[in-house]
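Reader: Could you take me through this structure slowly, one question at a time?

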Amino acid sequence: MTTHRIAVLPGDGIGQEVTEQAVRVLRAVGKISGASFEFEQALVGGAAIDATGHPLPPATLELCKKAHAILFGAVGGPKWENVPHEVRAERGLLAIRKELDLYANLRPATCFSMLVDASPLKRSVVEGTDIMVIRELTGGLYYGEPRGVERFADGGARAVNTMVYTTREIERVARMGFEVARKRRKHLTSVDKNNVLVVSQLWREVVTRVAKDYPDVTLDHILVDNCAMALVHKPTQFDTIVTENTFGDILSDEAAILAGSMGMLPSASLGGTVGLYEPVHGTAPDIAGKGIANPIAAILSAAMLLRYSLNMLREADRIEKAVQRVLEQGHRTKDIAGPNDKVLGTKEMGDLIVQHVERG
Ligand code: NAD
């Protein structure tokens, strides 16, 4: 039997609290499915700075490279805000993404029916929303050259960033889009700004060519401005979205708001041989250490780990159903509770989800 080696990097603040619950849920999956998991924990972010002076110690990177998947919490916090830029806690995460060539970020925005009223949009608009946004993560404006600021003698300045993509970079994230759409409702929407940007014209050309290898997936193209409107006007029209780095940064946050709370949003970063799974939220210094953080984003990240790194689709479904049932039964952490709800802590929510996973 294969042993799935999971590198566990809880990081800082509530990262530590919620990751613990996600590991418990994976252990429960191991118990009921017979799959064998080996969890090894390592330091990252502020915790790593305190212990070693570096946000991504070599031992942590080595562990990540040898693992089948990485379960990540969150990094950063006020304690490490004034350290030099190169050793900031957040650099730990950016360095892992770069080292492991994680070029695609997957962020689902699912509106759970029992939490519809937590969404700022009307029930009639948002109910049934189930979108996966795939954002290209290692190219475009964030890394393109030339970049920089030129200062003039008269006190003025000129700043440049460059949006650049190669065929290879577009093709690999497009393929990721089609593969993910295949595991969902087989509808991929590619987002660009084809009417203005030449980069987008190449993007559209390459995505259209790649589509020929996926005849079972329906592809359409939409301009980024239209997409931004459609996401709040008729989000249910989308299944899987694929787009470049900057557009994806903005659209995935817009899609996130449909789901209601930060504590509900998982993510996956894929590309190289090892996938990284983490809640979208940060370390929440305002509630860290109180045992009240919502562990669902971390637990749903563990479900994504099973689906995308280990191909354990049934087990991933089982976790998602367990979360759904617990919510249906009215159990809530503070961030998603209504005025009359009884509020659970992080561990109590974890206990209930573990029980439902075990019961099936
Ligand atoms: P945050 O996501 O940590 O918190 C924003 C708000 O949402 C807070 O009020 C917090 O209490 C709440 N919240 C977040 N997750 C929650 C959960 N699971 N349950 C209940 N409530 C939750 O964002 P921030 O306050 O902007 O950032 C705090 C720190 O986290 C900063 O140092 C930032 O750099 C870091 N950060 C790290 C990551 C990461 O590691 N991927 C992502 C975002 C922010």
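Author: What follows is a short set of questions and answers on a sheet and one helix.

This is a predicted model, in which local features need pLDDT of at least 70 and side-chain atom pairs count only at pLDDT 80 or more, while totals for chains, interfaces and linings use all residues. Residues are numbered from 1 along each chain as its sequence is written, and side-chain values use heavy atoms, with hydrogens and water left out.

Reader: Which are the edge strands of the sheet?

Author: Strands (E, at least two residues) and helices (H or I, at least four) are DSSP runs numbered from the N terminus, and two strands pair if DSSP finds at least two bridges between them. Here 10 strands form an open sheet with mixed pairing, in the order E2-E1-E3-E12-E11-E4-E5-E10-E8-E9. The strands that pair on one side only are E2 (36-41) and E9 (218-223).

Reader: In E11, which residue is the bridge partner of Asn-105?

Author: Strand E4 (residues 104-110) runs antiparallel to strand E11 (residues 266-270), and 3 bridges join them. In E11, the partner of Asn-105 is Ser-269.

Reader: How many degrees of arc do the buried residues of H11 cover?

Author: Buried means under 20% relative accessible area, with exposed over 50% and partly exposed in between (1.4 Å probe, protein chains only). In H11, the buried residues are Glu-315, Ala-316, Ile-319, Ala-322, Val-323, Val-326 and Leu-327. They lie on the same side of H11, because the arc they cover around the axis, taken from the directions from the helix axis to the C-beta atoms, is only 135°.
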